[in-house]
Amino acid sequence: MAEDYYKVLGVPRTATQEEIQKAYLGLARKYHPDMNLDNPEAAKKKFQELQTAFDVLKDPEKREKYNQFGEGFEQYQGFPGGQPGGGFHWSGGGPGAGGTGGFQGGNINLDDILGMFGAGGRGGNPFGGGSNPFESGDENGNPFANFGGTGTTGRTRRRKGPVKGDNYELSVSVPFQTAIRGGKIPLNFRKNDGKIESVEVKIPAGLESGKKIRLRGLGGAGQNGGEAGDLILNTMVEDHPYYTRKGNNLYVKVPITLKEAALGGKADIPTPDGTVSLSIPAGATTGTKLRLRGRGIKEEGQAEGTPGDLFAEFEVQLPKSWSKADQNLIAKLDSELTPPARSSLYF
């Protein structure tokens, strides 16, 4: 007997849909074969159990029927009144079981059920064919497999429709420059069947960290003619040693020399759209900022539109060591400063 779907996901039967989804996502990541390369077969089996349980419990209608009938709930759809509130409702017990349990609305045994279909007891088959469908069943011992059949045998099986394959979910790192300008990154990943697949992933310009990219048809194989699942990528943009991003604005720290800080000058800095020449004002200090409008980032995936801005912050670079002559020169300059640097500092 299959394990209870609620136990598979580790949630109580009273769990909300949000709690069920949260539990599934956490366990799916934990048991995904790509995260368990030392034992992929065991991980694959556990992952499939999680997917089966989630496919049922995430659907309110399927979940309600599962709560009533258990794993074989789909077989009950052929009964009159199989929906809540009509006919009879299985709640435990079976033929020969004592007490008042078994079916909603009274103490009804198996003969009563057969009688509802005009069979007159366990000896006849209400659906034709001369045998009792509760005793014959199918090759798997399912006593409800014959319900709804037609023709002389009464054993027409219900075919399952196409089932879409499982979605795979992976985390990928994207270089900072590729995320800003757009481009492609190579990706190798292991599918549930153990095969390694290599693809090139197109990264849209302006991609922000945490965004998802869906690659359709690169997930698990479908069943009964169903389409393949998808590959879903959770992106993480790598840090840059000089540039940072806030929304569509870029921020860069620009090193300048002591001479440039004192007398001003020009500094060439790279941007997403190429190199620009930046004017350094005389008397610039560490922390002085300049704004270059329209030199930031465009909206993700938007070829047109106004980009954000680029903010350049100067950092005065001083020598690690000074010669004696340099020290004397600096001391002379300092003595001539009017007023002294901290003359206005107070508490």
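Trainee: Which residues does Leu187 touch, not counting those up to four places away in sequence?
Mentor: We're looking at a predicted model, so local features need pLDDT (the predictor's confidence in each residue, from 0 to 100) of at least 70, side-chain atom pairs count only at pLDDT 80 or more, and totals for chains, interfaces and linings use all residues. Residues are numbered from 1 along each chain as its sequence is written, and side-chain values use heavy atoms, with hydrogens and water left out. With contact meaning heavy atoms within 4.5 Å, Leu187 touches Val172, Glu197, Ser198, Val199, Val201, Leu231 and Leu233.

Trainee: How many residues does the largest nonpolar core have?
Mentor: Such a core is a set of buried (under 20% relative accessible area, 1.4 Å probe, protein chains only) Ala, Val, Leu, Ile, Met, Phe, Trp, Tyr and Cys residues joined through side-chain atoms within 4.5 Å. Leu187, Phe189, Val201, Leu231, Leu233 and Val254 have the most contacts inside the largest one, and its residue count is 37.

Trainee: And how many are in the second, separate core?
Mentor: Ile20, Tyr24, Ala28 and Phe54 are among them. The count is 19.

Trainee: Which residue joins its side chain to Glu169 by a polar contact of 2.9 Å?
Mentor: Glu169 contacts Arg29, His32, Lys212, Ile232 and Asn234 beyond four places in sequence. A polar contact is a pair of N or O atoms within 3.5 Å, one able to donate a hydrogen and the other to accept it; sequence-adjacent residues count only if both atoms are side-chain atoms. Lys212 makes one of 3.3 Å, while the 2.9 Å partner is Asn234.

Trainee: Over which residues does pLDDT stay under 50?
Mentor: The protein averages 76, with 72% of the residues scoring at least 70. The model still has 100 contacts beyond four places in sequence for the stretch under 50, residues 78–156.

Note on methods
Buried means under 20% relative accessible area, exposed over 50%, partly exposed in between (1.4 Å probe, protein chains only).
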